[in-house]
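Reader: I am new to reading structures, and I would like to understand how the words used for them are justified. Could you take me through some of them with care?

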Amino acid sequence: MAIDKRLRDQGMHTERLLWPTKGPGKFETEIENLEQKVGVTTLSKAVAWAQTKSMWPDTFGLACCAIEMMSIVGARYDIARFGMEAFRSSPRQADLLIVSGRVSHKMAAPLRQIYDQMLEPKWVIAMGACASSGGMFNNYAILQSVDKIVAVDVYVPGCPPRPEQLMEGIIRLHEAVQAGIPPAYNLRSVAP
Amino acid sequence: MSVGSTELSGDAGSAGVGAENPVAWSKIHGVSHVETGHGETTLVVKPERLIEVCTHLRDEEGFNFLSDVSAADYLGWGGHGVSGYIGTAAGRDLNQPMTQGLQTLPQPKPKRFSVNYHLLSVTDNPRRIRVQTWVEDGEPVPTVIEVWPTADWHEREAWDLMGIPFEGHPNLKRILTDDDWEGHPLRKDYPIGGEPVRFSEAE
Amino acid sequence: MAVAPERTRAAIYEGTRIPHPIPTVLKVSAELEATGDVLPINFGPNHPSTHGVLRLIVDLYGEDVVGLEAVVGYLHTGFEKNMEQKSWWKAITYPERIDYLSFQANELVFVLAIEKLLELETPEKAVWMRTCLCELNRIHSHLVWLGTAALELGAISMFWYCFREREQILDLFEMVCGTRMHTRYFQAGGLAEDIPLGFYPEARKFVSWMPRAVDEYEALVDKNKIWLERTVGIGFLSADDAIALGQSGPVLRASGVDWDLRRIEPYLAYAECDFNVPVYPEGDVYARYRVHMDEMRESTKIIGQCLDRLEGMEGQPWIADDRKVVLPPREELHTSMESLIHHFKIVTEGYRVPEGEVYVTLESPRGELGCYVVSDGGPKPWRVKFRAPSFVALQATATCMVDALVADMIAIVGSLDTVMGEVDR
């Protein structure tokens, strides 16, 4: 995976923060040690940490995946633990666009408009099979993958993905941001 | 009206099991013939008599609820030989040589498009009935929006997806597809669209 | 309250509030246009309170809504055309995604249509389990409706309460069907698999807990002054208007019409279940809310009765025996040649459904869900059309919004309980 390669270059490992038996991760120990020993951290690491710990999503629920996205706000799969329970309705205030659901051609223009209205840095998660690739709807009406119009950071497969799957996608995005990987619009343009 | 009664002499349709007195339905002025099947009654009507029949059904028979307006495209119907349900007498009969067992083609349809109005009577005597009318490509169907206001969006959808023009509809615009969409997607000659899927690196 | 002058319109019948000539569009009257004070606002497809991708073009005169038009189609997926390309078996996965809150009701209506054309009998166990799952789905749909509708009106904490019970229901679905949403558990002929052990005790726990949960929801909002101010007397829809506009389900029952397809045209096992149908005559948003709450209680009762019957059916078949349509059990494939051939034909070509057309309806949580299926006798459907209750419910927005304020619009659109996947298909 491209993200794994990048982390390895930085000398870090992919971590699964959702393991219950896992101790603090390498990045966390590194940060803690730095702070303890030196008392200061690099500015970009601090900024990345702040971006990750309160990355506010935009309310962009389209279809069935939106219901599973709502359930991660619920009490069982609580996303407030990661500082993300504030779903901003205004794209001007949102950092993360979780495209949850099938995107029809009619909706593609509003989607791009919302994406353009978001301020940088901004990240996009393509949630579900329909946003990642068109899903089971390989037809005239559905845009075959949302990466044709926006640059996507993380694809979360599933129809619909379980809340834990979506959280895994979000956590991986957090790890990528903390590792210093730039948002997708700096890395690649939209798919052909 | 004498015009109505000459139309229905002889075409009483088949009286199936559970048919609710098809002869009584066929006596309504404007109904061409009555079909029954699977416990459902279908009144086949010519487009020009549609509003008359619908108003009669709403006012006299109590069908005050229009449940659905469905259009169907029969282009290519019966083009490939299909048999009935394999296990039934109408299905495959392998004793017939050189036929691959295929016996029946589906019944031919009079025109390309059928517009079906599913009616329901929300009264103490609940019943369902279907009113069916047949049109060719481009032939208009009078709108029943004055009879049941709920037909508004249903007819817009039939226009959008099937291309059936409804005469007299005050707001016949595209509803489900984009405003500048070309073509009518649910027609049989409109391609399914989409993209070819690559299953391996080799393709 | 409203300063808009009386609109003169030709009536479809006396006393109707349905706008004329276009029943679904409120047009700004000429006098108001002339004042120059009318502000058109776009409640765009991406809006937190429009229950999905609905676009409302609203003309405001101060706070009064004087013009309204709903634009839909932002989620048009081409379900019906996709289903024509797949075999009957594979097409069953599609209807679930149409109304993604009551997914099993959609699946059920399509499967019932196939079974009607095939004239196939389902075994008793399948009938009762289908009833049980449909009622669980009804509660699920009402919970999500209540959570989101209350959220939009400001009762934010209701969301977490409702989703707590929703998780319990999804656990039950996962136990039986293998996945939380879009379960694909119904087959033509019955159920895909047998009911697992351990379902009945868990379901009983849920059934005993649910009425207390509904009590909690009512304690939160029922007597809350703000809730009452925002819902009582808002969005009036009379019974005649509701029938003329094709409304069904909770919206119709909240307008005083005692009409429930589970009672009038019983399907599955509803004829043998004992439940009440809540009907409220007021026709406003509060009445629709009450209908939803009472329906949740009634559904819990029905589930209890289904469990009583199902617990005595251990070991009974869960799918019909007709090998032309239903896969034979795997152990038979080793011994019987016909079973192997049947299995092969069903899996490759798919079963064939005899020629004909049917229209099957059932009572989904939103109202009358209908499925019109035309078959040409082949292995694929020729035409499938879904009559979506939300599609019709949105048509009533203009009528409910006559003389309403912009803040009421959210309450009214929420109370109509629309799911945009169903509207756009």
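Author: Let us begin just after helix H7 of chain A, where A:Gly180 takes a positive phi of about 95°; please keep in mind that this is a predicted model.

Reader: How do you know that the span of helix H7 of chain A agrees with its number of residues?

Author: The helix covers residues 163-178, which is 16 residues, and because the expected span is 1.5 Å times one less than the number of residues, it should span 22 Å; its end C-alpha atoms are 22 Å apart, so the two agree.

Reader: What makes H7(A) mostly covered?

Author: A residue is called buried when its relative accessible area is under 20%, and twelve of the 16 residues of H7(A) are buried, among them A:Leu166, A:Ile170 and A:His174.

Reader: Why is the meeting of B:Glu195 and A:Lys148 called a salt bridge?

Author: The term asks for a side-chain nitrogen of Lys or Arg within 4 Å of a carboxyl oxygen of Asp or Glu. The side chains of B:Glu195 and A:Lys148 meet at 2.7 Å, N to O, and 2.7 Å is within 4 Å, so the name applies. Across the interface of chain B and chain A, the rule finds one salt bridge.

Reader: What is buried between chain B and chain A?

Author: The two chains bury about 860 Å² between them, with 54% of it on carbon and sulfur atoms. On the side of chain B, the residues that lose the most area to chain A are B:Trp181, B:Ile192 and B:Glu195, which together make up 46% of what that side buries.

Technical notes. Residues are numbered from 1 along each chain as its sequence is written. Chains are lettered from A and ligands numbered from 1 in the order in which they are written. This is a predicted model: local features need pLDDT of at least 70, side-chain atom pairs count only at pLDDT 80 or more; totals for chains, interfaces and linings use all residues. Side-chain values use heavy atoms; hydrogens and water are left out. Helices (H or I, at least four residues) and strands (E, at least two) are DSSP runs, numbered from the N terminus. Buried means under 20% relative accessible area, exposed over 50%, partly exposed in between (1.4 Å probe, protein chains only). Buried area is the accessible area (1.4 Å probe) that two parts lose on being put together, summed over both.
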